[in-house]
Amino acid sequence: MTEKFSTINSTLSPNELGKLIQQKYELTDKTECSIFRLAMNHLYIVHDGEDKYVFRVYTHNWRTKLEIEEEVRLLILLKEADRQVAFPIADKSNKFIQEIEAPEGTRFGVLFSYAKGIKTAKFSDQTSFLIGQALAKVHQSTENIELMRMSYNAQNLLKNPILTTKEFYSKNSSEIEFLETLSTFLTLKMENIDKQKMRYGTVHLDVWFDNLHIDDEKEITFFDFDFCGNGYLCFDISYFLFQLFATHLNEEEYQVKADSFIKGYETVTKISNEEKKFLSYACLAIMTYYISVQCDRFEYWTNIFLNEDHLKRMVGNLKRWIAYNKIEINDKLLTD
């Protein structure tokens, strides 16, 4: 007798998933489903004639049902406020979350509208302005909104992540020492913020070109709110600026687009001076967290890039940002 072997992360058949989606959402017999990306979560593109959707299958034990319900609640709130986001779609029983019994256990799936336009890192200054404007409108709707999800703070952005990264990269002593020193410095920065002057609410935490579509250089649609939680709204502004910087080696070109983004944002909502002072630090905390997420989820997605050289590149980007923003940290490690 052959024994069944346990799995940690299976790939669901797109054909079978297509049949399930067709039946649950009452789509036509023209429905086709194909794999788009198998990463932190598994994404499938669903075509039904001219209509196009994205079906996300969360990896096992990545998000609880409550966390996904809260993500759905946020996106419905944003859709109703006419914000530019890809939104969840209910099935014929008015359910947003599908429970799928995979070999490794229950996995959750959600069908989303397809964001119009294209994904590109090469966009104009004017488009950068529009991204800022669109993000500010999202923040207008999420300020003072609280989700039953992670609240991003020094403990879970800096202190806990360092331990995870340290365990994974046991041999990269100089990069780990750098991250430990940076973490201590940033923790003090976060603890000394004047919270009264910082807008707080629900944040996306992963706003960059990979999670937005640009339609005809005019319309911006945000998607992938998988990391949404509670935090300072300027986290999203800072993270976008960091990713813009990382994808623009020409620093003059970066600065023009960064200024344009901020200008677009401030046509909708002003950024306080306290928030502006924190912008160059916030993204460093988020990146410290994301380095640890990659380590933590190593076994769940294709990770051939996740090696010592990758950590050196990540740390190199942080150092480049620190130098560009003239951040002074009283430690030799951070200026080497």
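Q: What makes a residue a contact of phenylalanine 235, and which residues are on the list once neighbours within four places in sequence are left aside?
A: In this predicted model, phenylalanine 235 is in contact with Tyr152, Leu157, Met190, Leu205, Phe278, Ala282 and Ile286, leaving aside its neighbours within four places in sequence. The cut-off is heavy atoms within 4.5 Å, so each of these residues has a heavy atom within 4.5 Å of one in phenylalanine 235.

Q: Which residues touch the most other members of the largest nonpolar core?
A: Phe222, Phe235, Ile237 and Phe278 do, in a core of 91 residues. The element that gives the most to this core is α8, with 14 residues. Another core lies apart from it, with 15 residues that include Ile21, Tyr25, Leu27 and Leu111.

Q: What makes Phe222 a buried residue, given its place in the largest nonpolar core?
A: A nonpolar core takes in buried residues, so Phe222, as a member, has to be under 20% relative accessible area.

Q: Why is phenylalanine 55 called buried?
A: Its relative accessibility is 0%, and buried means under 20%, so phenylalanine 55 qualifies. Phenylalanine 55 sits in strand β3. Not counting residues up to four places away in sequence, it touches Leu17, Ile21, Tyr25, His42, Leu43, Tyr44, Val46, Gln98, Ile100, Gly109, Val110 and Leu111. Glutamate 217, in contrast, is not on that list: the two are 162 residues apart in sequence and 26 Å apart in space, C-alpha to C-alpha.

Q: Lysine 257 has a charged side chain, so is it buried or exposed, and how do you know?
A: Buried: lysine 257 has a relative accessible area of 4%, and the limit is under 20%, so the label holds. Lysine 257 is placed in helix α7, residues 251–266. Its contacts, neighbours within four places in sequence left aside, are Phe123, Ser124, Asp125, Ser128, Leu244 and His248.

Q: Why does alanine 39 count as buried, although it is found in a loop?
A: The loop, between β1 and β2, doesn't enter into it. What counts is the 15% relative accessibility, which is under 20%, so alanine 39 is buried. Not counting residues up to four places away in sequence, alanine 39 touches Thr59, Tyr300 and Trp301. Alanine 39 and threonine 59 are 20 residues apart in sequence and 9.0 Å apart from C-alpha to C-alpha.

Q: How do you know whether aspartate 82 and lysine 326 are buried or exposed?
A: Exposed means over 50%, and aspartate 82 is at 67%, so aspartate 82 is exposed. Lysine 326 is at 70%, so lysine 326 is exposed too. Aspartate 82 lies in the loop between α2 and β4, while lysine 326 is in the segment after α9. Each has a positive phi without being glycine: near 65° for aspartate 82 and near 50° for lysine 326.

Q: What makes β7 and β8 a pair?
A: Pairing takes at least two bridges, and these strands have four, so they count as paired. The sense is antiparallel, between residues 212–215 and residues 219–222. Aspartate 215 is opposite glutamate 219 in β8. The two strands form a hairpin with three residues between them, and aspartate 216 in the turn has a positive phi of about 55°.

Q: What makes the largest cavity a cavity, and which residues line it?
A: In a cavity a 1.4 Å probe fits but cannot get out, so its points are closed off. The structure holds one of 30 Å³ or more; the largest has a volume of about 50 Å³. Its lining is Ala121, Phe123, Trp208, Phe209, Phe240, Gln243, Leu244, Thr247 and His248, divided into six nonpolar, three polar and no charged.

Q: Which residues lie nearest the centre of the largest pocket, and how does its lining divide by class?
A: Arg37, Asp206, Trp208, Asp210 and Asn211 lie nearest the centre, among 38 lining residues. The pocket holds about 1,100 Å³ of space, and its lining has 22 nonpolar, eight polar and eight charged residues.

Conventions
Residues are numbered from 1 along each chain as its sequence is written. This is a predicted model: local features need pLDDT of at least 70, side-chain atom pairs count only at pLDDT 80 or more; totals for chains, interfaces and linings use all residues. Side-chain values use heavy atoms; hydrogens and water are left out. On a 1 Å grid over the protein atoms alone, a cavity is a set of points where a 1.4 Å probe fits but cannot get out, and a pocket is an open set with protein on both sides within 12 Å along at least five of seven lines; lining residues have an atom within 4 Å of a point. Grid points are joined across faces, edges and corners, and a volume is the space filled by probe spheres set on the points. Ala, Val, Leu, Ile, Met, Phe, Trp, Tyr, Cys and Pro count as nonpolar, Asp, Glu, Lys and Arg as charged, and the others, Gly among them, as polar. A nonpolar core is a set of buried Ala, Val, Leu, Ile, Met, Phe, Trp, Tyr and Cys residues joined through side-chain atoms within 4.5 Å. Buried means under 20% relative accessible area, exposed over 50%, partly exposed in between (1.4 Å probe, protein chains only).
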